[in-house]
Amino acid sequence: MQIKEKILPYIVDLIAQLQQAGFEAYIVGGAVRDLLLDRIPKDYDISTSATPEQVRKVFRDRRTIIIGKRFRLVHLFHHRDIIEISTFRKRPQPQQELRRPGKEAPENMIFQDNEFGTAQEDAWRRDFTVNALFYDPVNERTLDYTGMGLRDIHDNCVRSIGDPALRFEEDPVRILRALKLVGQYGFKLEKETGKAVADCMDFIDHASGSRLTLELEKILKNPYGHRILRAFHEYGFLKKFLPFIEQEWDTPACNYMLALLDERNRRV
């Protein structure tokens, strides 16, 4: 499928600049997934072989800042848009010394993710196959390192990369993101991924409040937020994420709230 013509021209220019400076650079993740599903991406993420400091040097004439502690990346400002530019990562090893005191975190939980790697290593450390596609708009090619991303988009399937239970233990927020894909796109969970979602639900108790708050903000801004909340309820995740709404589910007040959210999203 030809998707270059759907991409904002300045995004193509940013990737071309990185490539002209001698670095690999691609559009990655949700934007590629949305383009292949013929949807307009809400934003574009770029992944590159350049380090954050090298990215800032390439774009020295633009406003950029390096952010993040768990995951360092560059924010590039283009008018009102903020483009995230990350360096290829490889899958890190669990770091015992970074565990939060007083919290019995899962053994394989990852607290820092700044080990740079190759494009292929970066694809294999991502959460789901449909989020691990790379697209080069300069040379018009799609890279599917897992070998399942394009097929799973065609089949509307959420499939974890690697052992799903281990991947949810490494980062419990992936459980939330799996169910967001179910709600937003009408995808179905692949069998082993679905089993791991149910078995690993309690891991979400170890996710940081700030990350869950950010995910809630994204859901409320998402024009499919009402569908996402329904998916959370259907799979038993809402009681972990928004327990008050779960307790009020199917009450007149909750039904009215969902109807209002549905109408807001329809207008958006």
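Two aromatic rings of Phe, Tyr or Trp count as a pair if their centres lie within 6.5 Å. With that in mind, I turn to the structure shown above, which is a predicted model.

I begin with the aromatic residues. The model contains 9 aromatic pairs. In one of them, F232 and F241 meet edge-to-face, with 5.6 Å from centre to centre and 90° between the planes of the rings. Both of these residues, F232 and F241, are buried. Elsewhere, one aromatic cluster is formed by four residues, namely Y26, F88, F134 and Y145.

Rings also meet charged side chains in this model. R89 is placed over the face of F71, at 3.8 Å from the ring centre. R39 is likewise placed over the face of a ring, that of Y224, at 4.7 Å from the ring centre.

F71 also leads us to a strand. Which residues does S86 touch, leaving aside those up to four places away in sequence? They are I46, S47, T48, F71 and L73. S86 itself belongs to strand β5, which covers residues 81–87. Its relative accessible area is 10%, and because the limit for a buried residue is under 20%, S86 counts as buried.

I now move to the helices, and take two packing contacts in turn.

The first contact concerns helix α7, residues 173–185, and helix α9, residues 209–221. Their axes come within 11 Å and cross at roughly 10°. Angles under 35 degrees count as roughly parallel, and α7 and α9 are therefore roughly parallel to each other. On the α7 side, the contact is made by V173, L176, R177 and K180. On the α9 side, R211, L212, E215, K218 and I219 take part. By type, the residues of this contact between α7 and α9 comprise 4 nonpolar and 5 charged, with no polar ones.

The second contact concerns helix α10, residues 225–234, and helix α13, residues 252–267. How far apart are the axes of α10 and α13? They are 8 Å apart, and the two helices pack at an angle of about 140°. That angle makes α10 oblique to α13. From α10, the residues G225, H226, L229 and R230 meet L258, L261, D262 and N265 of α13. The residues of this contact between α10 and α13 divide into 3 nonpolar, 3 polar and 2 charged.

To close, I return to the two helix pairs: α7 and α9 are roughly parallel, whereas α10 is oblique to α13. Thank you for your attention.

Conventions. Residues numbered from 1 in each chain as written. Predicted model: local features only at pLDDT ≥ 70, side-chain atom pairs only at ≥ 80, totals over all residues. Heavy atoms only, no water. Phe/Tyr/Trp six-rings, centres within 6.5 Å; stacked < 30°, edge-to-face > 60°. Buried < 20%, exposed > 50% of the residue type's maximum accessible area, 1.4 Å probe, protein only. Lys NZ or Arg CZ within 6 Å of the ring centre and 35° of its normal. Axes fitted to C-alpha atoms, helices over the stretch in contact; angles between N-to-C directions. Helix = DSSP H or I, 4+ residues; strand = E, 2+ residues; numbered from the N terminus. Parallel < 35°, antiparallel > 145°, perpendicular 65-115°, else oblique. Contact = heavy atoms within 4.5 Å. Nonpolar A, V, L, I, M, F, W, Y, C, P; charged D, E, K, R; others polar.
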